[in-house]
Amino acid sequence: MGYSGARGGLEAILAAEDLVRRKRDHAPAPWSSTEQITARFRLAVDRVMGEAGLYDEPTAADAFRQAEGDTLEASHLLRAQRSTLPRLAVSEPVDPGEMTVIRRIVPAFREPDGPQLLGRASDYTGRLLERPDGPPKPSQKDSATEEATDTAEATDTAERTEEQRSPRRFMDLLRKMELLAEGRAADDPEPHDITRKPARPPADRSAVLAAMARAESGALVALWYRSILGPDGDVHEITLGELRHGRLPLRVRHPHTGNPVTVGEFRVTEAEAIEDLDGADEDRTRFDIGYGLCFGHNERKAIAMANLDIANRRFGRSGPLEQLLLLTIDGLDSGGFLEHLKLPHYVTFRSMVERKQAMRAAAEAGEDPPARAAEPAGKDCR
Amino acid sequence: MTYVMSREHRCALLAEAERAELIELADACIADGAQVRVLVGPEVGCVTAQVREPVLEQRFLLGDVLACRAEVELAGHRGWAMRLGDDRAATLAAAVLDAEAQSGRPRAAEIDLLCERVAGRRERRESQEWAELAPTVVAFEELT
């Protein structure tokens with residue numbers, strides 16, 4: 001270990017790491033298999049995938065186990081793993097309208113096109129802690145589901161219609177009613193790749209969306225909450241237009257035929273936030289919409305992202321928002337800087353102590369203290 | 001009229017097939033001593049998911065999806081496969097099956113049957129999923 005004027009300690013470091021491994025891997029409790037983690041801690045696994053920017057449930061589950069349930073540490077492990085992998089392809093542009101929804105709600109409107117599908121949700125029930133003595137008995141529904149999937153047994157439910165599978169967006173209805181501000185441009189710029197080139201303000205919207213998609217969920221929610229509380233003077237009247245969780249197809253170009261080929265599906269959460277335009281230079285007869293999309297099932301993150309997308313488009317450059325979105329919401333950036341504080345800072349702190357002692361000695365000797373010059377804005381402070 | 005499965009559709013179904021069924025059939029394909037050359041991989045890497053968002057119709061990069069790809073030559077025909085995840089053996093087997101089907105070799109019909117089984121399984125899984133989801137369709141009452 002070599003950092004900030006300190007070195008050595010190798011034996012203690014290895015012993016500490018060994019203690020982590022032994023206590024974790026040989027804890028007096030049954031081993032948690034990868035399958036068990038993906039099935040029982042799916043939301044944590046989804047969060048890790050989203051914050052790492054790598055979609056693969058088993059790999060994320062292994063990282064979650066190695067990190068002993070610390071989602072930020074698991075994301076760090078997953079992102080480190082991703083950095084060792086080659087990029088095989090960039091997919092064909094995915095159209096989120098193709099999503100097979102497994103949950104879809106439109107809080108803004110009672111009767112949208114397609115169903116209001118609650119799916120797997122406990123939003124409408126009270127939070128009561130259950131403390132079972134052991135695993136619950138399988139229900140009849142679970143047994144029936146397994147049998148029907150394994151065999152060709154038909155179910156009683158009517159076949160799913162296309163409108164039930166991929167319902168038309170509520171946003172399309174607003175557009176049809178001419179209630180939506182039109183911002184679509186004729187050009188189609190290449191998206192910014194934040195994994196290859198860090199984004200700095202001013203940045204393309206594609207960079208901000210990518211940064212939010214892999215942001216630390218709590219950081220994104222906190223920034224959203226700050227944005228609506230208004231310390232920066234921005235005023236929002238936000239309604240959640242639509243929220244979806246479902247599967248999207250991933251397609252690449254077939255190297256021999258040149259045609260798109262589906263290589264699998266991945267789950268995402270998508271949100272649309274409707275903003276009431278009320279600025280002096282805005283079309284106050286219309287709404288605008290912010291967009292959020294992230295890997296896995298993470299509704300808080302997608303909703304915060306959608307709200308921050310429209311906030312950034314309206315106020316990003318007249319205040320600090322764009323800078324905050326690009327520079328402060330990445331969990332590895334912020335967490336890494338915080339964690340480095342635990343490393344030995346003996347030399348830097350000793351120099352601070354000596355400065356204080358020198359100033360005190362000068363004061364006791366009756367010398368005038370040196371003039372205080374403010375540090376220039378943006379100066380690095382380490 | 002006989003339905004001929006497109007190569008892309010077959011690749012998509014082989015990408016979804018179970019590991020064991022792919023390997024078993026690929027082993028059978030090469031059991032006649034046909035020469036197989038591995039041209040690419042199987043290599044684990046990422047496919048970057050590029051999304052065109054629906055509001056301003058701008059593209060952005062959502063993140064990476066773990067994937068594995070392989071390419072082989074079997075009896076003079078090239079086969080290619082890509083599957084999500086990191087299962088190298090399954091991906092290599094899928095590439096062998098793609099080459100077998102492209103070459104019209106003896107097991108080509110069995111590959112079509114495997115693809116039909118995969119498609120049927122998906123259909124049943126989705127029907128079952130809908131049977132579970134449908135009861136959660138809600139129509140809240142509006143208080144005026």
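Visitor: Among contacts in chain B between residues at least 6 apart in sequence, what percentage join residues at least 24 apart?
Guide: The model is a predicted one, and the value here is computed from it over contacts in chain B between residues at least 6 apart in sequence. Of these contacts, the part that joins residues at least 24 apart amounts to 56%.

Visitor: What is the corresponding percentage for chain A?
Guide: Chain A has 14 helices and eight strands, and its C-alpha trace spans about 90 × 65 × 55 Å along the principal axes. Among its contacts between residues at least 6 apart in sequence, those that join residues at least 24 apart make up 64%.

Visitor: Is chain B a compact globule or more spread out than one?
Guide: Chain B has four helices and three strands, which follow one another along the sequence as α-α-β-β-β-α-α. For 144 residues the globule rule gives 15 Å, whereas the radius of gyration of chain B is 20 Å, well over that value. The C-alpha atoms fill a box of roughly 75 × 35 × 30 Å along the principal axes. Because its radius of gyration is well over the rule's value, chain B is, relative to a compact globule, more spread out.

Visitor: Which strand of chain B is largely enclosed by the rest of the structure?
Guide: Over the whole of chain B, buried residues make up 42% of the 144 residues, a residue being counted as buried if 20 or more other C-beta atoms lie within 10 Å of its own. In one strand 14 of the 16 residues are buried, so this strand is largely enclosed by the rest of the structure, and it is strand 2 of chain B.

Visitor: Over how many bridges do strand 1 and strand 2 of chain B pair?
Guide: Strand 1 (residues 36-52) and strand 2 of chain B form a hairpin with six residues between them, and in its turn Glu57(B) has a positive phi of about 60 degrees. One of the pairs joins Arg52(B) to its bridge partner in strand 2 of chain B, Arg59(B). The two strands pair in the antiparallel sense, and the number of bridges is 14.

Visitor: Which residue takes a positive phi in the hairpin of strand 2 and strand 3 of chain B?
Guide: Strand 2 of chain B is joined to strand 3 (residues 77-84) of chain B by eight bridges, and the two run antiparallel; Glu71(B), for one, has Trp80(B) as its bridge partner in strand 3 of chain B. This hairpin has two residues between the strands, and the residue with a positive phi, near 50 degrees, is Ala75(B).

Visitor: Which strand of chain B is joined by two bridges to strand 3 of chain A?
Guide: In all, 62 residues of chain A are in contact with 52 residues of chain B, and strand 3 (54-55) is among the elements that give two or more residues to the side of chain A that touches chain B. That side divides into 32 nonpolar, 18 polar and twelve charged residues. Leu54(A) has Asp64(B) as its bridge partner, while Tyr55(A) has Val65(B). The two strands run parallel, and the partner of strand 3 of chain A is strand 2 (residues 59-74) of chain B.

How values were computed: Residues numbered from 1 in each chain as written. Chains lettered and ligands numbered in written order. Predicted model: local features only at pLDDT ≥ 70, side-chain atom pairs only at ≥ 80, totals over all residues. Contact = placed C-beta atoms within 7 Å. Nonpolar A, V, L, I, M, F, W, Y, C, P; charged D, E, K, R; others polar. Pairing = 2+ DSSP bridges. Rg over C-alpha atoms; globule rule 2.2 N^0.38 Å. Buried ≥ 20, exposed ≤ 12 C-beta atoms within 10 Å, placed from the backbone.
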